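Hi there,

Here is the structure I promised to pass on. Please open it alongside this note, and my findings follow below.

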Amino acid sequence: MEYFAKAMAELLGCRSCYVAMLSASGLEEARIGDAPADPSCAAMVERFARKGTAEDVASLEPINSRTSFVRKLIGAEPPVKSHSVIGRFASDERTTVVFVAGWRPAALAASEIPGLAHTVRPLWKAAHSLARQTPGQVDAQLWLEELTFPAIVVDQGLHIYAVNRGGRVLLAKRELLRMEGGRLAGSCASVTESLRGAIGKVLIESGTHGWFNTTVPLSTDRQQFAFAKIGAVPTHDKLGQALIVVPQFDDVQGAHCIASAFGLNWAEERIVARILQFQCPRDIGAELGLTEATVRTYTKRIMLKLGINRQSEFFLLYHLTQSPFGAGRRENWVSRPASDCRLDEEDPMRLRTAGKRSPD
């Protein structure tokens, strides 16, 4: 529950989160933040949990009228007017989970709710998976080999400690990344410096705040767009080392991951796949036997479900679903490499634009 509380706080941009799990054996609670446990809230939490059924969908809603109740769960509201969020869902373990997160600087918009609600269960499952293995029990090399994408473990000096199969193939090509004297290097000096700076920041931030990861563009050439996801290695015995993952762009797999995470149907998934192929609505309609107007209607409906406002954010969601670190408000996007890398400046669909903001 603590892993889930941290993830929800990051996702919603909150400093505190309370989580309760109601099962046949009673109510279990966990919280992150400053609020002390308050037994007087248990009855109210149970009533809210029992309002749902085992078959109901995850609910998520802003709460502004129950401030007294919320303060007892997540602590006092800051001096500046702030907002909180309450949610409920039925887990696979036949339990009902309730969470309250705050304080947000802005209220949760109605258009954000459908997309965020669809992320709740995947985050709960990910937290369960993470909790089943304690960090000290994780073998870094075995964990690396389980990753589908190229992955490399380095320190701030870019000394290479471990590489998985995909990483060895990537380094052998010497296009995006290469190994020079046992150290990792980018395709140009500015990429190498961006990697070094991002790793240093990740190691500092992860030690004090946790759950911090960042993105570094390796190439923004339309023909070979690539970026690196960087986060701390998830083992206690590898302090001072960072994990670099280079997702491989796959529009079909990306569309499937987005559809699975947000509950899209098959027709919607096909349209997302073609958006990720840079196809315009007219070309998508011609390929799928639909009118351009129908494609635009589908696209608007999909964006509402995902809680996004721009088509470029499909690519942001793509790379968030591929990240081994998870999605959250503490994700950074490091500035693009300098001009000596000969980047494509004419491409109107530059994906780095999508990386500058995360959906709240």
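Buried residues account for 49% of the 360 residues in the chain. Please keep in mind that this is a predicted model. The secondary structure consists of 12 helices and 13 strands. Of the contacts in the chain with a separation of 6 or more, 62% are between residues 24 or more positions apart.

A good place to begin is helix H2, which covers residues 42-50. Its buried residues are Val-45, Phe-48 and Ala-49. Looking down the axis of H2, you will find these buried residues within an arc of 100 degrees, so they line one face of the helix. Arg-47 and Arg-50 are exposed on the other side of H2.

Next, have a look at a pair of helices further along. Helix H8 (residues 251-262) packs with helix H9 (residues 266-275) at an angle of about 135 degrees, and their axes are 8 Å apart. Angles outside the roughly parallel, antiparallel and perpendicular ranges count as oblique, and that is why H8 is oblique to H9. The crossing of the two, H8 and H9, is right-handed.

Which residues make the contact? From H8 they are Asp-251, Ala-255, His-256, Ile-258 and Ala-259, while H9 brings in Glu-269, Val-272 and Ala-273. Sorted by class, the contact of H8 with H9 has 5 nonpolar residues, 1 polar residue and 2 charged residues.

Happy to go through any of this with you.

Best wishes

Terms used:
Residues are numbered from 1 along each chain as its sequence is written. This is a predicted model: local features need pLDDT of at least 70, side-chain atom pairs count only at pLDDT 80 or more; totals for chains, interfaces and linings use all residues. Side-chain values use heavy atoms; hydrogens and water are left out. Axes are lines fitted to C-alpha atoms, for helices over the stretch in contact, and angles run from 0 to 180 degrees between N-to-C directions. Helices (H or I, at least four residues) and strands (E, at least two) are DSSP runs, numbered from the N terminus. Angles under 35 degrees count as roughly parallel, over 145 as roughly antiparallel, 65 to 115 as roughly perpendicular and the rest as oblique. A crossing is left-handed if the near helix is turned anticlockwise from the far one by less than a right angle, and right-handed if clockwise. Contact means heavy atoms within 4.5 Å. Ala, Val, Leu, Ile, Met, Phe, Trp, Tyr, Cys and Pro count as nonpolar, Asp, Glu, Lys and Arg as charged, and the others, Gly among them, as polar. Buried means under 20% relative accessible area, exposed over 50%, partly exposed in between (1.4 Å probe, protein chains only). The arc is that of the directions from the helix axis to the C-beta atoms.
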